[in-house]
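Q: I'm new to this structure and would like a close look at just one part of it. Could you pick a strand and walk me through what surrounds it?

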Amino acid sequence: MSEKPSQSKPIIVRNKESEVDIYTAVAKYEEKQTSNRDENNDSAIYFNTLHKWQDIMKWNYELKNKENSPKEKLEEYKNDVIHLFLILKKLNRLDKIRSKQKKDLLNKKKQEIDSKHLQQENLLNELFYLKKEISKCLQYKSSDSDIDLVPLETFCLESPDSADYIDKLKSGLINEHDLHIKRLQWEFEQRQTQQQQCDEVEKNKETILSEIQEESRILQSILPMLKDIRTAAQPLQQSFGLAPCQARSYADIVNLLPKPLYYLYIQTDAYRVACKSKFTVSINGDEEEARRFDSNKNNVVDTNSDEEVDVPKPKKRHHKKSRTDTKSVQQKSLLSKHPLSVKLTLSLKNNTQFVMEFFYLVNLNLITVTVTSSWSGFSSSYSRELLSPSSILDALFSGDNGKESPHIVNFHQLEEEKTEFNTMEVGKPYIWAQSICGLDFLNPSVPDFLISRNHIAQVLKAINNRLKTRLSLITQLDCSDLERRFSVNGVNLTSVLSPWNTMAWENFIKLEYCKPHVEFGTVTENDLLFKRVINYKTATLTVVMVIKCDYPKSNPIFTLQLNMPTTNEGMSVLNSTNNNSVRELEREINVFHEQIEDEDINEMLINIIGRLVVCFEVMMETWGHSDFPKTKTILYNIRGRARNHPFKAVKHHSGIIFEHR
C-alpha cells in the first residue's frame, strides 16, 4: 500500500480577545436571529431535520449490511448527519435564548405587577385614612356653639353695622354662617370692652382694699390707747361707784341655746379642737330676742292662768276673718323656730364652701337643717346638680332623705292643724341631725348628751366624705382624655364623646328602655341622672347614667340605646328591650364591675366609662358590619347560642386581647 505523503498541519494562533469578540458577536447575532425568526418555522425545521436524521440513519444501516458498500456513499451520509447535527444545535441555542428572553420578560412583568399591587395597597390605605379624617371633620363640633350669644334682635339693635342683616339674610345676600361669624366678632369686641371695664373695677377694688387695710392698721394702733384709757378710768369709775367695763362674754350666747343645739355646739367645737378639722362652728341669731323668748317661755304658764282668773271674757263679736287669722297663726306657731341657730361651715378646695345651719322647732321638738353653698370653677349643669344644697345631704345614711319628720308625734300634730311640712322654709329633719343633737324619740322630751357624743364623729366624717365625693365626681365627669388614658394600657379608642348633661326624672320614666329599672325599684326619684352620646363612625350610642346618693358604695347604673344605619339607608333603634347585644353590653357594665387593686375612688367612674366605650367599640367591630373594621385583637367574634360578644379584656405579652366570659 502506498502511503500518503504527510502534510504539515497549519499552525493556528488563537487570541483570547479575538475569541471573546467572536463569541460576543455570534451571541448577539443569534439573539438578533431569535427576534427575526419565527418560532413555528424553527419548530417545523426541527421536526424535518429529525425525520431526515432518521432516514439517513436507516439508509446508512441498510448500506452497511450490504456487501461491497460504497465508501463514497457512507462518507456522504456522514457529512449529511454532521450538517443535520449542527442544525439541531443551532435550533437548540435559539430555543434556549428564547426561553431566557421569555423568563426575563416574565420576571419583568411580575415586578411590574408587584409594583402596581403595592401602589394599590398604598392607595387603599391612603383612602381609608382620608375617609377616617373626613368622618372626624364631619363629627367635629366647634366650641363656638357653647358660647351664649346675645339674641339676634339685640345684636341687630346694638351693632352699628347690622341694621339690615335680617333683611339680607331673608333675601339670601348672606347666609347664616356669615351672620354667625359677624355675631361672634361683635361679641368678642363687646367682651374685650367688658374686660377693660372689669380691669378698671379691679383696680378700684384694690385701691379701696388698700385704703381699708390702712384704716384697719390705724384702728389696731388705737386699741392699745383705748386699753390705757380704760385702765386710767378705773379709779374714777370706782370713786363714782360705777361698774367697770366688761367684755361681752361669748358663753352667755351659748347658754341661751336650747338643749339640742347646745349639745350640738359644744360637741362640734370639741371635735374641731381635738381633731384639728377644717371647719368652723358659730351661733347665729339675735341674742336679745333669744332672751325675750326664754323669759316668755318661763312666764307663759303663769300669764295664762292669771288671764283666766282676772280678765273677764269679752262678748262674742262676729268677725269674718277671725277664724282664718287664728288658723294661720296656729300654723305658723307650730313651725316656729328658736331665735338662735348653730352654723357649721366647711371649707374645701377650689374655694368651695358649705354652710349647714341647724334650727330647733320648739313646738315640734325637732331639729332641721338648711344648706347653702358657694363655689367657683364649676359652670356645667351637672356640677350644679351634684352640689345642689337641697339634695347634697340626702341619703347620707341609708333611708334618711329628710322628707318627713322622724318623730311620729309630729305627723299627728301637722295633721291636726292641716299644715304641710315645707322643707324649703324650715329645712330638712334628717335622722342624723336629731342624733348629733342628742334627741331620742323614745324619750323625746329630754335630750341625751351621750347620744350626741357617740354620733358626732361619724356624722361629720360622713358629711366630709360626701362633699369630697361630689367634688371628685365633677372632676371625673369633666374628664376628656379617655383616649390617652386607655392608649397607655394598649387599647386605642376612636369614639367621640359628647359632654354630660343632667336629665329630669320626668324624662327618664318616659324612656322605654329605662322603665324596667323604675318598675323593679333599682332607680328612684332621689338618684342623680345624667345623659351623654357616644359616636363611633356611623353608630350612635345614647348613655343614661344613674348615680346613687351613696356613691361610691353603690356602683352607677347604665341604660343604653343604639342608633345605627341599616342596609336600606334607614336607622335602626336598638335597646335592652329589643336587642340581645345591647342587653349584654348593659349587663357587662352594670354587673361585671371588675374591681382593680388599689383603685383610686377619684378614678373609679372614669374607668367604668372607659370600659363602656371599649366594650361598645368591640361590640360594633364583632357585629360583622362593613362600616366597623376590626382595630382590636379579638379571638372569636361571637360564641354560643346567644351570640355573646368578647367583652372581657385580658392582658397578653403582645397587648390586650378580648375574649368571652
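**A strand and its two partners**

A: Let's start with one pair of residues: Met-545 sits across from Phe-558, which belongs to β9. Keep in mind that this is a predicted model. The strand to follow here is β8, which covers residues 539-547. How many of the residues of β8 are buried? The count is 8 of 9, so the strand is mostly covered, with buried here meaning under 20% relative accessible area.

Now look at the partners, beginning with β9. Strand β9 takes in residues 557-565, and 7 bridges tie it to β8. The two run antiparallel, and the Met-545 and Phe-558 pair is a handy spot to find them facing each other.

The other partner is β7, made of residues 528-536. Here 9 bridges link β7 to β8, and this pair runs antiparallel as well. To see it in the model, find Leu-529 and look across to Val-546 in β8.

How do you get from β7 to β8? The two make a hairpin, with 2 residues between them. One detail to check in that turn is Lys-537, whose phi is positive, at about 55°.

As you trace the strands, one general point may help: side chains in a regular strand alternate between the two faces of the sheet.

To put it together, β8 is joined to β7 by 9 bridges and to β9 by 7 bridges, and 8 of its 9 residues are buried.

Methods. Residues numbered from 1 in each chain as written. Predicted model: local features only at pLDDT ≥ 70, side-chain atom pairs only at ≥ 80, totals over all residues. Heavy atoms only, no water. Buried < 20%, exposed > 50% of the residue type's maximum accessible area, 1.4 Å probe, protein only. Helix = DSSP H or I, 4+ residues; strand = E, 2+ residues; numbered from the N terminus. Pairing = 2+ DSSP bridges.
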